[in-house]
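Here are a few exercises to help you find your way around a new structure. Keep the 3D view open and try each task before you read its solution.

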Amino acid sequence: MMKMKRQKLQPTAIIGWKEWIELPGLHIPAVKAKIDTGARTSALHTFSLEEFQADGQQMVRFGIHPLQRRKDIACFCEAPVLAQRRVKNSGGHYEKRYVIQTTAKLGAVSWSIDITLTNRDPMLFRMLLGRKAVENRFLIHPGRSYLTGRALAKSYQIKKRQKAKK
């Protein structure tokens, strides 16, 4: 019988099964993400996805509605294409997706992640944070949510005009 070597765990942050995440490299101040250890790569909801060339580099331009059921709020992004991958979606069907790399920020932790771009309109979460993005960085508490806080949720609130007193 082969004996497994125990690995000493480094201190890591504990996150819930869903968290607000910032994607500063894409100028997305907040998006609610489901932490999905069943998904290898992270996925981001996109619409109006188009490929183009800039200085000989393959690029993508896309829109994102960062809040579910809010089509009035949109962010538009551009990023270099890292790769194209054949990915099995949640329905068990394969689709070809663009892969980009960007910076993610969750709580006090910032790091580089790979993200596939796809239309997640019918899904509850605009982003899945896959296991490659969280491994060796976070421990996931499956019974808790928003352990890094909810401050990012206010990123899209429109400030109400204060009525001038006469």
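**Exercise 1: The surroundings of Ile 28**

Task: Find which residues Ile 28 touches, leaving out residues up to four places away in sequence.

Solution: Start at Ile 28 and look for its contacts, which are Glu 22, Leu 23, Leu 44, Ile 64, Cys 75, Cys 77 and Tyr 156. Keep in mind that this is a predicted model. Next, turn to the largest nonpolar core, which has 35 residues. Ile 28 is among the four members that touch the most other members, together with Leu 44, Met 127 and Leu 129. Finally, see where the core residues come from: strand 3 gives the largest share, five residues.

**Exercise 2: A hairpin**

Task: Work out how strand 2 and strand 3 are joined.

Solution: First locate strand 2 at residues 18–23 and strand 3 at residues 28–36. The two strands run antiparallel, with five bridges between them. For one pair, pick Glu 19 and go across to its bridge partner, Ala 33. Then follow the chain through the turn: four residues separate the strands of this hairpin, and His 27 there has a positive phi of about 60°. Last, check the cover on strand 2, where five of the six residues are buried.

**Exercise 3: A patch on the surface**

Task: Decide whether Ile 14 is buried, partly exposed or exposed.

Solution: Find Ile 14 in strand 1, residues 13–16. Its relative accessible area is 48%. Partly exposed covers the range between under 20% and over 50%, so Ile 14 is partly exposed. Now look around it: Ile 14, Leu 139 and Leu 147 make a nonpolar surface patch of about 240 Å².

How values were computed. Residues are numbered from 1 along each chain as its sequence is written. This is a predicted model: local features need pLDDT of at least 70, side-chain atom pairs count only at pLDDT 80 or more; totals for chains, interfaces and linings use all residues. Side-chain values use heavy atoms; hydrogens and water are left out. Buried means under 20% relative accessible area, exposed over 50%, partly exposed in between (1.4 Å probe, protein chains only). Two strands pair if DSSP finds at least two bridges between them. A nonpolar core is a set of buried Ala, Val, Leu, Ile, Met, Phe, Trp, Tyr and Cys residues joined through side-chain atoms within 4.5 Å. Contact means heavy atoms within 4.5 Å. Patches are made of residues with over 30% relative accessible area and no salt bridge: like charges are joined within 9 Å, nonpolar side chains (Val, Leu, Ile, Met, Phe, Trp, Tyr) within 5 Å. Accessible areas come from the Shrake-Rupley method with a 1.4 Å probe; for residues, only the protein chains shown count as cover. A salt bridge is a side-chain nitrogen of Lys or Arg within 4 Å of a carboxyl oxygen of Asp or Glu.
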